[in-house]
Amino acid sequence: MSYFFAHLSRLKLITRWPLMRNIRQENVSEHSLQVAFVAHALAVIKNRKFDTGDMPTPIKYHNPQIAHEYKKIEKYAQQKLIEMLPEELQEDFRPLIDEQLHSEEETFIVKQADSLCAYLKCLEELAAGNSEFNLAKNRLEKTLAERHSPEMDYFMKVFVPGFSLSLDEISE
């Protein structure tokens, strides 16, 4: 018996932005899906519009000791997830779960997508009148500037403006 998918389904129970007032709560499952959508879009934009091969240097964590410990915890969690799968499926899922098997380019795109999605959450909250997200938005703008790439600039120009608009405005 495997509890892999039962475990993943619990991601919807983990709330994001727990210390901030939210107009609408967001959970880790929703965030993960949006990051996957945006990461896919960034990869497509990169390949179709810019065909760039060089990756900017990944952003270093502020405290190397904490970053190292986080990486150890993530690696442990990834291994535990893989072990939850029936043995005959583990090697098929390992490349999706074990980030050490991802290329530097894939890792960078996912980090960009994660930052973009957090930024989009800030825009949505601010558009709904929740000024609690002002500082987070400013911090994320700096992060996005550090993770700058042509495909992210394109995404920001083409897709991001709609996240500050109402349903009526985006439906016209």
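## Salt bridges, a nonpolar core and one odd backbone angle

Glu 83 is partly exposed, with a relative accessible area of 45%. Keep in mind that this comes from a predicted model. The partner of Glu 83 is Lys 80, and the two side chains meet in a salt bridge. Lys 80 is partly exposed as well, at 36% relative accessible area. Both residues sit in helix H3 (residues 64-84), and because they are three residues apart there, about one helical turn separates them.

That pair is part of a longer list: the protein has 10 salt bridges in total. Here are three of them, with the N to O distance for each.

| Salt bridge | N to O distance |
|---|---|
| Glu 83 and Lys 80 | 4.0 Å |
| Glu 141 and Lys 137 | 2.8 Å |
| Lys 46 and Glu 105 | 3.4 Å |

Glu 141 and Lys 137 are again a within-helix pair: they lie four residues apart in helix H6 (residues 134-146), so about one helical turn lies between them. Glu 141 counts as partly exposed, at 31% relative accessibility.

Lys 46 and Glu 105 are bridged at 3.4 Å. This pair ties together distant parts of the chain, with Lys 46 in helix H2 and Glu 105 in helix H5 (residues 104-127), 59 residues apart. How buried or exposed is Lys 46? At 2% relative accessibility, this lysine counts as buried. Glu 105 is partly exposed, with a relative accessible area of 29%. Bring in Glu 151 and you get a network of salt bridges linking Lys 46, Glu 105 and Glu 151.

Glu 151 also leads us to helix H7, where Glu 151, Met 152 and Phe 155 are buried. Viewed down the axis of H7, the buried residues fall within an arc of 100°, so they line one face of the helix. What do they pack against? The buried residues of H7 pack against H2, H5 and H6.

Phe 155 is worth a click in the viewer. Setting aside neighbours within four places in sequence, Phe 155 is in contact with Val 38, Ala 41, Leu 42, Ile 45, Leu 116 and Val 160. Phe 155 also turns up in the largest nonpolar core, which has 24 residues; those with the most contacts inside it are Trp 17, Val 38, Leu 42, Leu 116 and Phe 155. The elements giving two or more residues to this core are H2, H5, H6 and helix H7 (150-158). H5 gives the most, with nine residues.

Now for Trp 17, another residue with many core contacts to its name. Trp 17 is found in the loop between helix H1 (4-9) and helix H2 (28-50). With 13% relative accessibility, Trp 17 counts as buried. The backbone is the odd part: Trp 17 has a positive phi of about 55°, although it is not a glycine. Most residues other than glycine have a negative phi.

How far can you trust the coordinates? The mean pLDDT of the protein is 86, and 93% of its residues reach 70 or more. Among the elements, H6 has the highest mean pLDDT (95) and H1 the lowest (82). The stretch to treat with care is residues 53-60, where pLDDT stays under 50. The model has 11 contacts beyond four places in sequence for that stretch. Where pLDDT is low, the predicted coordinates should not be read in detail.

Notes. Residues numbered from 1 in each chain as written. Predicted model: local features only at pLDDT ≥ 70, side-chain atom pairs only at ≥ 80, totals over all residues. Heavy atoms only, no water. Buried < 20%, exposed > 50% of the residue type's maximum accessible area, 1.4 Å probe, protein only. Core = buried A, V, L, I, M, F, W, Y, C linked by side-chain atoms within 4.5 Å. Contact = heavy atoms within 4.5 Å. pLDDT = per-residue confidence, 0-100. Arc of directions from axis to C-beta.
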